Amino acid sequence: MGAAWRDLAGRKSNFNKILDHVKVIRSMGMEVCCTLGMLDEEQAKALKNAGLTAYNHNLDTSREFYPKIITTRTYDERLKTIDNAQNAGISVCSGGIIGLGEKGEDRVGLLHTLSTLKQHPESVPVNALLAVEGTPLEKQEPVSVFEMIRMIATARIIMPKSMVRLSAGRVRFSVPEQAMCFMAGANSIFTGDKLLTTPNNEISDDKKMFELLGLVPKPPNFAQGSDKKQVPVYHQSQMPKCFKPRKDEAASESA
């Protein structure tokens with residue numbers, strides 16, 4: 001769930017509604033990830049107590065290049081929000097965007113900052129800019145798949161336990177190109193026809209790609225974001241088909 005605001009200051013009633021939404025969605029047996037701008041310590045704790053699984057707060061780029069792209073909040077404010085979420089026991093989803101006009105050093109700087117947080121993010125989205133007409137970056141050249149592969153492979157090496165997510169911009173890449181990204185270390189995607197305001201791959205197309213490449217979606221990780229005792233237990237027969245393990249996996253687990 002996302003909100004298009006800078007932070008939650010003066011939004012108490014809206015925040016309470018979000019907490020209610022988090023509780024309801026978790027009761028349905030799904031993970032919940034929110035992106036709500038900056039969080040203070042108390043807001044992070046409230047989301048944790050509601051059962052939030054993860055919080056998305058991207059750093060976007062290096063500290064040095066950041067002021068050329070974003071002026072609504074500082075780099076340190078972003079880092080503080082990540083720290084507040086992690087201190088509350090919420091898994092963090094944090095990555096960045098390439099193709100903004102940054103240099104190679106900025107890409108290294110972004111990954112270095114993420115990898116030297118006190119905890120590696122649970123997931124690291126690697127986004128490629130989709131230039132939108134009428135925006136300041138409308139004339140930016142699209143990044144190549146090999147630039148994405150370098151970012152993904154580097155993230156996988158330096159953050160070995162993180163989910164490295166092939167994210168925005170994936171719609172430009174063919175199935176063989178996406179396969180190379182998976183081979184380089186990506187093990188997660190965003191699916192659905194929209195990512196905020198830009199197009200993304202359809203779920204039906206992703207299912208076909210998964211079948212072609214032999215990729216199997218992971219079941220929800222209910223241990224994230226709240227105590228296990230608060231999380232409802234669902235039998236495999238109640239889960240959506242895409243969450244059920246393959247027969248060979250089920251056999252190995254029961255052996």
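Let's start with a small detail: Asp40 caps the N-terminal end of helix H2, with a side-chain oxygen 3.2 Å from the backbone nitrogen of Glu42. Helices here are DSSP runs of H or I with at least four residues, strands are E runs of at least two, and both are numbered from the N terminus.

Before going on, a word on what we are looking at. This is a predicted model, in which local features need pLDDT of at least 70 and side-chain atom pairs count only at pLDDT 80 or more, while totals for chains, interfaces and linings use all residues. Residues are numbered from 1 along each chain as its sequence is written, and side-chain values use heavy atoms, with hydrogens and water left out.

Now the overview. The chain has eight helices and nine strands. Of its 255 residues, 46% are buried; buried means under 20% relative accessible area, exposed means over 50%, and partly exposed is in between, with a 1.4 Å probe and protein chains only. The accessible surface of the chain is about 14100 Å², and carbon and sulfur atoms account for 56% of that; the areas come from the Shrake-Rupley method with a 1.4 Å probe, and for residues only the protein chains shown count as cover. Take the contacts between residues at least 6 apart in sequence: 68% of them join residues at least 24 apart. Contact, by the way, means heavy atoms within 4.5 Å.

Back to H2, which spans residues 41-50. Which residues of H2 are buried? They are Gln43, Ala44, Leu47, Lys48 and Ala50. Why do they sit on the same side of H2? Because they cover an arc of only 165° around the axis, the arc being that of the directions from the helix axis to the C-beta atoms. As a reminder, an α-helix has 3.6 residues a turn, so residues three or four places apart point the same way. On the other side of H2, Glu42 and Asn49 are exposed. The cover over the buried residues includes helix H1 (12-27), strand E2 and helix H3.

Take Gln43 as an example. Gln43 counts as buried because its relative accessible area is 15%. Not counting residues up to four places away in sequence, Gln43 touches Leu8, Phe15 and Met38. At the far end, H2 is followed by Gly51, which has a positive phi near 105°.

Over in H1 we find His21, which is partly exposed at 44% relative accessibility. The C-alpha atoms of His21 and Ala50 are 9.0 Å apart, although 29 residues separate the two along the chain.

Next, the loop between E2 (54-56) and H3 (75-87), where Ser62 is placed. Is Ser62 buried or exposed? Ser62 is buried, because its relative accessibility is 1%. The side chain of Ser62 makes a polar contact of 2.6 Å with that of Asp106, and also reaches the backbone nitrogen of Phe65 at 3.1 Å. A polar contact is a pair of N or O atoms within 3.5 Å; within protein, one must be able to donate a hydrogen and the other to accept it, and residues adjacent in sequence count only if both atoms are side-chain atoms. Leaving aside neighbours within four places in sequence, Ser62 is in contact with Tyr75, Asp106, Gly109 and Leu110. That loop also holds Asp60, which has a positive phi of about 75° although it is not a glycine. Asp60 is buried too, at 11% relative accessibility.

On to the strands. Six of the six residues of E5 are buried, so E5 is largely enclosed by the rest of the structure. Ser123, Pro125 and Asn127 lie on one side of E5, and Val124, Val126 and Ala128 on the other. E5 runs parallel to E6, with four bridges joining them, and pairs in the parallel sense with E4 (residues 96-98) over three; two strands pair if DSSP finds at least two bridges between them. Pro125 has Arg165 in E6 as its bridge partner, and Ile98 stands opposite Ala128 in E5.

Finally, the core. The largest nonpolar core has 51 residues, and those with the most contacts inside it include Leu47, Met148, Ile152 and Leu166. Such a core is a set of buried Ala, Val, Leu, Ile, Met, Phe, Trp, Tyr and Cys residues joined through side-chain atoms within 4.5 Å. Its largest share, six residues, comes from helix H5 (residues 145-158).
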